[in-house]
Amino acid sequence: MAYGRLLNKMIIEKGLSSKIILEECEKRGKKIDKGNFSRILNGKANPPKEETSRMFAGICGTDERLLILEGYIDTAPIEIKEALVELKFMVDLAAVTIFDNNIELEQ
């Protein structure tokens, strides 16, 4: 599942570890089972509820909407999943195009 890959990427980019994430969750009032967290990261468990995704994003210092969207995509029916993935691809492509055009204008 893409949610687990994204969360892993966020954790690695911030130089954190699973242990630190779990400790921070507990400090914020949410105890998360180590095994369940591992299953989430490995894509073997469904993404958690939005409040937990918001907490993970807060701990990692990243945009919570990214995790929430991936959670919805991972759990959506196949027709919705395909549409969301296609829409996400088009948005990413548009962003790259805009970025590339701005770079060319500045040169």
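A disulfide is taken here as a pair of cysteine sulfur atoms within 2.5 Å. Applied to this predicted model, that criterion gives a count of 0 disulfides. The sulfur of C60 has its closest cysteine sulfur in C25, at 9.0 Å, which is too far for a bond. The same holds when the pair is viewed from the other end, since the sulfur of C25 finds its closest cysteine partner in C60, again at 9.0 Å. Both side chains sit away from the surface: C25 is buried, with a relative accessible area of 0%, and C60 is likewise buried, at 3% relative accessibility.

C60 leads conveniently to helix α4, where it is one of the buried residues, together with T52, S53, M55, F56, A57 and I59. What do the buried residues of α4 pack against? Their partners are α1, α2 (18-27), α3 and α5. A helical turn helps in reading such a list, because an α-helix has 3.6 residues a turn and residues three or four places apart therefore point the same way. Just after α4, the backbone of G61 adopts a positive phi of about 70°.

Two of the buried residues of α4 deserve a closer look, beginning with S53. This serine lies in helix α4 and counts as buried because its relative accessibility is 2%. Residues up to four places away in sequence aside, S53 touches Y3, P48, L67 and I68. As for K31, 22 residues away along the chain, its C-alpha atom is separated from that of S53 by 14 Å.

The second is F56, which takes part in an aromatic pair. Such a pair is described by the distance of the ring centres and the angle of the planes. The model contains 1 aromatic pair by the rule applied. Its rings belong to F37 and F56, with centres 5.4 Å apart and planes at 65°, so the arrangement is edge-to-face, for which the angle must be over 60 degrees. Because F37 lies in helix α3 (residues 34-41) and F56 in helix α4 (residues 50-60), the pair ties together parts that are 19 residues apart in sequence. Are these two rings buried or exposed? F37 counts as buried, at 1% relative accessibility, and F56 is also buried, with a relative accessible area of 1%.

Attention now turns to open space in the model. Rolling a probe the size of a water molecule over the atoms shows where empty space is left. The largest pocket has a volume of about 310 Å³. It is lined by 13 residues, of which L6, L66, L69, E70 and K88 are the closest to its centre. Which helices each supply at least two residues of this lining? They are α1 (2-13), α5 (64-75) and α6 (78-106). By residue class, the lining divides into 5 nonpolar, 1 polar and 7 charged residues.

E70, among the residues closest to the pocket centre, is placed in helix α5. Although charged, as glutamate is classed, E70 counts as buried, with 6% relative accessibility. Which residues is E70 in contact with, leaving aside its neighbours within four places in sequence? The contacts are A2, Y3, L6 and K88. Of these, L6 and K88 are also listed among the residues closest to the centre of the largest pocket, and Y3 also appears among the residues that S53 touches.

How values were computed. Residues are numbered from 1 along each chain as its sequence is written. This is a predicted model: local features need pLDDT of at least 70, side-chain atom pairs count only at pLDDT 80 or more; totals for chains, interfaces and linings use all residues. Side-chain values use heavy atoms; hydrogens and water are left out. On a 1 Å grid over the protein atoms alone, a cavity is a set of points where a 1.4 Å probe fits but cannot get out, and a pocket is an open set with protein on both sides within 12 Å along at least five of seven lines; lining residues have an atom within 4 Å of a point. Grid points are joined across faces, edges and corners, and a volume is the space filled by probe spheres set on the points. Helices (H or I, at least four residues) and strands (E, at least two) are DSSP runs, numbered from the N terminus. Buried means under 20% relative accessible area, exposed over 50%, partly exposed in between (1.4 Å probe, protein chains only). Contact means heavy atoms within 4.5 Å. Rings of Phe, Tyr and Trp (its six-membered ring) pair if their centres lie within 6.5 Å; planes under 30 degrees apart count as stacked, over 60 as edge-to-face and the rest as tilted.
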